[in-house]
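Here are a few notes to go with the model you asked about. Have it open while you read.

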Amino acid sequence: MAKIEKVLVVGAGTMGSGIAQAAATAGYKTTMVDMKQEFVDAGFGKIKTPLEKRITEGKMRREDLDRILANLKGTTDVEAAAREADLVIEAVFEEFKIKEDLFKRIAKVAKPTVVVATNTSSLSVTQLAKSFGAPDRFGGLHFFNPAAVNKLVEVVKGHGTTPETFSALWDFALRLGKVPIETKDSFGFCVNRFFVPFLNEACRLLEEKVADAATIDAATNEVLGTTMGPFALMNFTGIPIGYHAEETLHQSFGAFYKPADVLREMFEKKQLFEIAGKPDPTKFEAVKARLLGVLFGITAQLVDEGVASREATDKGALLGLRWGHGPFALMNQVGTAQALRYARALHDKWGKAFPLSPSLQKAGERNEAWNLRNVVVDVQGHVAVITIDRPEALNALNPKVLTELGEAFTAVANNKEVRAAVLTGSGKAFVAGADIKAMANQTAMESLAMTTLGQRVVRHIELMVKPVIAAVNGFAFGGGCELALACDVILAAETAQFALPEVGLGIHPGFGGTQRLPRLIGPVRAKELIFTGDRITAQQAEKIGLVNKVVKDAELLPEALRIAHKIAEMAPLAIGLAKESVNRGLETDIDSGLALETNSVTLTFATQDQKEGMRAFLEKRKANFTGR
Ligand code: CAA
């Protein structure tokens, strides 16, 4: 797959200009194309006006705007721009025929390696891929408004999308600083599938006079931790968007998704909802029961259908919609038995038009919480990749993440197949530290419990027999830097940054930073970092010996895996003993260390691997180590 350097965004409207801005900001040579020059100019205006305002407010430097604009070109010649592009993102009017014609034109002139993505929110990616003619190089990149700022991108696999194309789109989203979630090519993908009928149900509540708009908005804000309820939001984004989206879902998923009469009326009369008034808290429970019923019923259904994972669905709500809770985390809060009752009430009313998810039935009948993981373990042969996956909070370490991290490393330690591990983070951070929200109101005793937990996990990694490589993909701040310090090898992506910013929060490092950092880089350098809280780049970190080496962002994981697989080919017991000799030796005097080494190396002679390793050398063949 060719490297993506030049990006073409077709459509300079709200979404297209936002996507073009995000691409240009991330350093891609970006062209924005539209049918008329005035549309292109308007697209530039949408980018420049808010950024100029940020400069005036002192929130942005002019040279940063200049840098973005230097990466950005506008044109009306789609063919000429498509000839040059490595990635084309289509963000034109949501009509199949218009998109079909566009893809046919692009297919005629584009490079044979071009990757094409549609930003459609309601059409089939697989059908659109047919009009391009090479479905293997076609997929969906569904951005959320405002596309330059909103962190979420749904990466959609059409039927023909190859794994290489999917990962090119995924990596592109990551380079934009977005959090990608994988979704199947199903109408509404993940987020709109539950969000649009959720808005529609709010309209039905209004129509049935269960409550007025102000009450429905207030009840929603209370339960979801939002600042704009369904009606305030629809007024803000425009009624037609919600109406058209619901109509598309209606055609695909049937009667339950039919737009509410009041929504159709507002759309036809081009009116806004009346949202003024004093909310009536006595009606909150009735409102919540219905809205949560829709939310829980549909999200459980879409996961059962394989549209997205539970974790991805929660990220969709947290990042795409800026809700305070994901639907599955919310089900855990109210209890899955209660969640099932809410969904069942709608099923009783609508029958087959609102099917009851089998997984929700199963969990709800036992009142079992969903197991929502923030730490993912992926075993690839003899190597385990452990990913901290809480990008909505830059992978900040709270007790749940720490506990899961400990469990992940215990599983890796106990897995006889695994000989080395790679630790990394999802999104733009490795780990941005211990969770400040979790710590802000802690008492000293609660802090003691969290620090003890954190230190235990970090020490577990350090003392584990199997080597661990930290693949630092972004911010490694506070507890994140301390986590990396416990690993045996530290690789950093070019854009990674390190810091121990704790003193700026009125505390100091607590997951081993005051101990391991001076041992690694010397006390004076460590004190400078700890006392100033300064951020350093990956290159500076390499210079002071904090990391083994810096690699290009795209090569970080491949390089970490290469080293891990190389280690995995060596004698595992010898490596475990060597790790212990180094670690324990550093904690003691030289004579004790040498005694440790003597015992340790002597022990290797009691292993079958020592016999195999030396015999293989003499027989001029590759050793086959078994870890015995
Ligand atoms: N704890 C909790 N939430 C965090 C977090 C943390 N350590 N770091 C980031 N987040 C959250 C943010 O609050 C934000 O959430 P909302 O969207 O809900 O507001 C989200 O992650 C994204 O972060 P930003 O919008 O701030 O992202 P940015 O790119 O603008 O900035 C950053 C990135 C410079 C890393 C900034 O997030 C930051 O400074 N984070 C805090 C870093 C820090 O001080 N770490 C030390 C923690 S203390 C510690 O670790 C103690 C110890 O020794 C164990």
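1. A quick definition before the helices: an axis here is a line fitted to C-alpha atoms, for helices over the stretch in contact, and angles run from 0 to 180 degrees between N-to-C directions. Also keep in mind that this is a predicted model.

2. Now look at helix α8 (residues 191–207) and helix α11 (residues 239–253). Their axes come within 10 Å and cross at roughly 110 degrees. Angles of 65 to 115 degrees count as roughly perpendicular, so that is what α8 is to α11. The crossing of α8 past α11 is left-handed.

3. Which residues meet where α8 and α11 touch? From α8 you have Asn192, Arg193, Val196, Pro197 and Asn200. Facing them from α11 are Gly242, Ala245, Glu246, Leu249 and Phe253. Sorted by type, the residues of this contact come out as five nonpolar, three polar and two charged.

4. On to the sheet. It is open and built from eight strands, with mixed pairing. If you want to trace it across, the order is β3-β2-β1-β4-β5-β6-β7-β8. At the edges sit β3 (72–75) and β8 (179–184), each of which pairs on one side only. Going from one strand to the next, the twist averages 25 degrees.

5. One pair to zoom in on is β5 (residues 115–118) with β6 (residues 138–143). These two strands run parallel and are joined by three bridges. What stands opposite Ala117 in β6? That would be Gly139.

Notes:
Residues numbered from 1 in each chain as written. Predicted model: local features only at pLDDT ≥ 70, side-chain atom pairs only at ≥ 80, totals over all residues. Heavy atoms only, no water. Helix = DSSP H or I, 4+ residues; strand = E, 2+ residues; numbered from the N terminus. Parallel < 35°, antiparallel > 145°, perpendicular 65-115°, else oblique. Left-handed = near helix turned anticlockwise from the far one by under 90°. Contact = heavy atoms within 4.5 Å. Nonpolar A, V, L, I, M, F, W, Y, C, P; charged D, E, K, R; others polar. Pairing = 2+ DSSP bridges.
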